[in-house]
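Hi,

Here is the structure I said I'd send over. Have a look at it first, then read my notes underneath.

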Amino acid sequence: MNPFDLIDAKGSVRKSEPGMPEVEAEMIRSHALCLQISAKKPTDPDYKSLLEELFQHEIDDTVAVVSPFYCDCGCRVSIGKNVIINKGATFISPGRIEIEDHVLIGPEVKIATVNHDLKDRHNLLHFAKVTIKENAWIGIGAILCPGVTIGRNAVVAAGSVVTRDVPDNALVGGNPAKLIKMIE
């Protein structure tokens with residue numbers, strides 16, 4: 001059984017549940033690969049193969065991930081074509097991250113798919129997928145919280161904290177991010 005099936009089926013998981021040691025092993029594997037990736041230039045010949053090992057799927061030649069980069073569960077991230085992930089990005093991804101085609105992710109962006117329970121914060125975790133739709137642009141230093149979807153052609157302004165879904169063709173900004181205007 002895939003240990004992540006537990007996360008996908010329940011959404012909330014206790015650290016003590018069976019399968020969690022395998023999730024922790026994936027975090028260790030991903031961390032080790034991120035250290036290797038971050039020590040290299042994107043032009044190094046084995047850079048792409050390290051990314052493919054991290055994400056466990058083929059990475060299109062049009063994808064650029066600029067180091068340093070951190071991802072704690074690489075097997076839970078899918079990346080489309082013509083995607084740019086700029087330096088310093090952090091993906092906390094056990095709940096899944098899906099990045100569609102033509103997405104721009106600015107420097108120092110943080111994407112989280114897991115949260116601690118408010119009352120039982122040391123033992124109970126809540127997971128929720130983050131989806132970034134086609135042609136979205138996530139500005140420098142933005143934070144995407146668990147469970148949000150960023151719509152097609154949407155823009156998240158620099159430094160924003162996104163706690164709710166962003167509609168297609170919307171420009172949002174602030175903490176928490178609010179609609180600034182619709183993009184025509």
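Asn-82 is partly exposed, with 37% relative accessibility (that term covers whatever falls between buried, under 20% relative accessible area, and exposed, over 50%, using a 1.4 Å probe and protein chains only). You'll find Asn-82 in the loop between strand E4 (77–79) and strand E5 (84–85). Strands here are DSSP runs of E with at least two residues, numbered from the N terminus. The odd thing about Asn-82 is its positive phi of about 55°, even though it isn't a glycine.

A quick word on the source: this is a predicted model, where local features need pLDDT of at least 70, side-chain atom pairs count only at pLDDT 80 or more, and totals for chains, interfaces and linings use all residues. Residues are numbered from 1 along each chain as its sequence is written, and side-chain values use heavy atoms, leaving out hydrogens and water.

Asn-153 is another one to look up: it has a positive phi of about 65° and is not a glycine either. Asn-153 sits in the loop between strand E15 (149–150) and strand E16 (155–156), and its relative accessible area of 32% makes it partly exposed.

Why bother pointing these out? Because most residues other than glycine have a negative phi, and most peptide bonds are trans.

Now for the peptide bonds. Ser-67 and Pro-68 are joined by a cis one, with omega about 5°; Pro-68 is in the loop between strand E2 (64–65) and strand E3 (69–71). Going from Asn-175 to Pro-176, the bond is also cis, with omega near -5°. Look for Pro-176 in the loop between strand E18 (170–174) and strand E19 (177–182).

Cheers

Notes: Helix = DSSP H or I, 4+ residues; strand = E, 2+ residues; numbered from the N terminus.
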